[in-house]
Amino acid sequence: MNIRRELEQRLSAAMSEAGGQDAPAIVAPSARPQFGDYQVNGVMSVAKRLKINPRELADKIVAAVDLSDIAENLEVAGPGFINITLKNDLLQQQIAESLTDEEHLSVPLAASQQTIVVDYSAPNLAKEMHVGHLRSTIIGDALARVLDFLGHTVIRQNHVGDWGTQFGKVILGMWHLCMEKVRNDPEYIERNYESLKAVSAEDDVAKRKEALLLIHNQQQEDLNNDWDGENAFHPYLKEVVRNKSLTLIDLLPAYQFVNLVESLAKGTGLIIDSPPKHKRVELAKVSSYVTKMLQETDKPKNRQEFKGWCYAKLLTRHKCDEIYYRLGVPLEHKYRRTRGESKYRKQLSKVIEDLEAKRLLEKSDGAQCVFPDEFKNKDGERLPVIVQKSDGGYLYATTDLAAIRYRVGTLPEGEKQLHADRILYVTDSRQALHFRQIFAVAKEAGFAPEGVSLEHVPFGTMMDKNNRPFKTREGGTVKLMDLLDSAERQALGLVNTKSPNLPEEQKLDIAKKVGIGAVKYFDLAHNRASDYVFSWDKMLALDGNTAPYMQYAYARIRSIFRKIKSTNYTNFTNILITDPAERALAVKLLQFSEAVQAVADESLPHLLCGYLFDLAGAFTTFYESCPVLKSDEPTRSSRLGLCEATGRTIRTGLGLLGIETVEQM
RNA sequence: ACGCCCGUAGCUCAGCAGGAUAGAGCGGCGGUUUCCUAAACCGCAGGUCAGAGGUUCGAGUCCUCUCGGGCGUACCA
């Protein structure tokens, strides 16, 4: 039962009956204990609007409403608050009832059941997942779990970056790896990367050109020797696939090498000649050229690009799966799918055609653009959304538009597609403008019908203690794998000191659940909108508002039940509330559904963390002041019931955040 | 330059359509263990809610301006 919603409905009705218009009563948990359990805040503003005395209106509402089954006498206080104290009978009966509903703890399902797509995680191809992917993965997973819990049909979409412009760089990187092997010069990439890095740091243009020219000449020579890939690149790919001899660890430096070469080559005028058609491509743009070929991959002549792509995709996928497995974010499920950008590749040209047909397309500097009405500054200057580059290539925006059509079901008939009422995009807040633009185009083009809710769920950046984006000591990105290793290792250290006598296997299991839980919870407990400062100490201090604090509270509860060797909870449904600590705990327990509902409404998982922390606090206070096993019946059974209800709520609540509990720690 | 976001205790953060005396954790100080897990609990100290105006019964929350920080703004994702 959602008490707050119930109170709000009845009081709002009473308000209009008392002549207070159809305004919401606005019920909130009370600010202080002496004001009861809930307070009504909405009376004053309505009274002001109607120019009547707020206390008189409050009196009328109190007279009109019937809360006899929920609350003790209502009290009008201060300028016009109504204070509500829940009946102990209600608390007792509600907790008893929730004990009979093991799965759902009496949390009501959402009023209207929707189909909701959650777009999250979305790592890039051929790069190892790093801390930047953590937030999207964890927040998206938590939101999906919560929405699912409330009865919605949740479809998870992992929009893997496997098709964008950067992918040309990956293939080009593979090509460089191939060439250094052919030339038997295994240090080539590493050597040149270092020398380029060195000259890029200084401000010496001549030196830079010199280093760049060396690479340029080598690249031109290699290309001349194997212009269609038949001599070297094809056989290389074949071998690599057969022997699985290329790893992400090889691929990353090659990718970085290409990146650096191209960024330094910008504006130098260095040209690579491609023999077949005497195509001349700027050194700085070779990878875009490769991308273009990839995007026309269904032409047989581009099959080497296609093959390289497939292989890199496979590599990434394996590595990502390891992470997802460790994080407990499962992928393969009826409603959980990896569906990368490439899946939309055949619809991209159709997107352009349809925009053209709606007369939304405009060519500007050679690129195909849409200019949504929404984006005009004061001078009427318009902001473009580029959907096709001047070289004909497609972009993130194009893919996202195609993805929207697939998700809401506005593709041409016959195509398999989803029919979402709501789509959540869990991405970095820096993409806010991008999504506003995409949503605007989708609405104007009719790709997303009016009723569909497109929502960007942005989150801030993880910072180091100097308030800079979180990096390794060397300045690189922190690999997610390393982060998780470290978390588990540190948690194991703690288990060893705190519970040295447990069997080794169990210690490892606890370390895993506590370590991973700590990482996830630390992230989820922050308001996702703001940047937050990452700290090993804070996360694994295992104090305060952390996963281990909650897990510890749970373990203590389990310990009680181990002592009495009982799993028959039906004995404990006779709840008697007498002690203030019991009452505070009971009220908190009842508010679980409010917290879950709030997370679903606002897409803010930290609200649930805050709730669980309060609950664990209420429990430990209870635990300190109210003996359970040593008290007499019927108090003993009642307190066992409260313990069981708390344990289930913590387990279920942490479960909704994707965090596991342990029986002992 | 324009746009979006942010500024709350020494540090890290909450503060839910404006509500009663702004809350936690860490750190600091002081206490609690013959008692169900001390990874715990209880108490104390610590605030001009960046600053200045305004709206009103009432502002950390809404509006305007100033200062400070972050991010974004045409072929990256």
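**Chat about a protein–RNA model**

User: Hi! Which atom of Leu629 lies 3.0 Å from a base oxygen of RNA strand B?

Analyst: Happy to help, and please keep in mind that this is a predicted model. In Leu629, a backbone N or O atom lies 3.0 Å from that base oxygen of RNA strand B.

User: Which elements give two or more residues to the surface near the RNA?

Analyst: Those elements are helix H1 (3-17), helix H2 (43-50), strand E4 (81-84), strand E11 (367-370), helix H15 (432-444), strand E16 (532-533), helix H19 (547-564) and helix H22 (606-625).

User: And which one gives the most?

Analyst: That would be H19, with seven residues on the surface near RNA strand B.

User: How many residues surround the strand, and which are the closest?

Analyst: RNA strand B has 68 residues around it, and the closest are Arg32, Lys389, Asp543, Tyr552 and Ser559. By type, the surface near RNA strand B has 29 nonpolar, 21 polar and 18 charged residues.

User: What about phosphate oxygens, how far is one from the side chain of Lys389?

Analyst: An N or O atom in the Lys389 side chain is 3.3 Å from a phosphate oxygen of RNA strand B. Lys563 has a side-chain N or O atom 3.0 Å from a phosphate oxygen of the strand.

User: Of the RNA atoms within 4 Å of the protein, what share is sugar or phosphate?

Analyst: Sugar or phosphate makes up 55% of those atoms, and the rest belong to bases.

User: Let's go back to H15. Which of its residues are buried?

Analyst: In H15 the buried residues are His434, Phe435, Gln437, Ile438, Phe439, Ala440, Val441 and Ala442.

User: What do they pack against?

Analyst: The buried residues of H15 pack against helix H13 (348-357), E11, strand E12 (385-388), helix H14 (396-408), strand E13 (422-428) and strand E14 (453-459). E11 also gives two or more residues to the surface near RNA strand B.

User: What span should H15 have, going by its residues?

Analyst: H15 has 13 residues, so at 1.5 Å a residue the helix should span 18 Å. Its end C-alpha atoms are 18 Å apart, which agrees. Just after H15, Gly446 takes a positive phi of about 75 degrees.

User: Which residues other than glycine have a positive phi?

Analyst: Leu105 is one of them, with phi near 50 degrees, and Lys244 is another, at about 50 degrees.

User: Are those two buried or exposed?

Analyst: Leu105 has a relative accessible area of 11%, so it is buried. Lys244, at 65%, is exposed. Leu105 is in the loop between helix H4 (88-99) and strand E5 (115-119), while Lys244 lies in the loop between helix H9 (233-243) and H10.

User: Where is the cis peptide bond?

Analyst: The cis peptide bond joins Glu633 and Pro634, with omega about 5 degrees. Pro634 sits in the loop between H22 and helix H23 (635-656).

User: Switching to H19, why does Met550 count as buried?

Analyst: Met550 counts as buried because its relative accessibility is 0%. Met550 lies in H19, and leaving aside residues up to four places away in sequence, this methionine touches Tyr521, Asn545, Leu612, Phe613, Ala616, Ile650 and Leu654.

User: And at the start of the chain, where is Asn2, and what does that residue touch?

Analyst: Asn2 is in the segment before H1. Leaving aside residues up to four places away in sequence, Asn2 touches Pro108, Ser593, Glu594 and Gln597. With a relative accessible area of 9%, Asn2 is buried.

User: Last topic: how is chain A divided into domains?

Analyst: Chain A is divided into domain 1 (3-86), domain 2 (115-161 + 331-463), domain 3 (166-295) and domain 4 (481-656). The centres of domain 2 and domain 3, taken over C-alpha atoms, are 31 Å apart, and ten residues of domain 2 are in contact with ten residues of domain 3.

User: How many residues of H11 are buried?

Analyst: Seven of the ten residues in helix H11 (residues 286-295) are buried, so-called mostly covered. Among what covers them are helix H6 (166-182), helix H8 (205-225) and helix H12 (303-327).

Methods. Residues are numbered from 1 along each chain as its sequence is written. Chains are lettered from A and ligands numbered from 1 in the order in which they are written. This is a predicted model: local features need pLDDT of at least 70, side-chain atom pairs count only at pLDDT 80 or more; totals for chains, interfaces and linings use all residues. Side-chain values use heavy atoms; hydrogens and water are left out. A residue is near a molecule or strand if one of its heavy atoms lies within 4 Å of it. A polar contact is a pair of N or O atoms within 3.5 Å; within protein, one must be able to donate a hydrogen and the other to accept it, and residues adjacent in sequence count only if both atoms are side-chain atoms. Helices (H or I, at least four residues) and strands (E, at least two) are DSSP runs, numbered from the N terminus. Ala, Val, Leu, Ile, Met, Phe, Trp, Tyr, Cys and Pro count as nonpolar, Asp, Glu, Lys and Arg as charged, and the others, Gly among them, as polar. The expected span of a helix is 1.5 Å times one less than its number of residues. Buried means under 20% relative accessible area, exposed over 50%, partly exposed in between (1.4 Å probe, protein chains only). Contact means heavy atoms within 4.5 Å. Domain bounds come from an automatic or database domain assignment.
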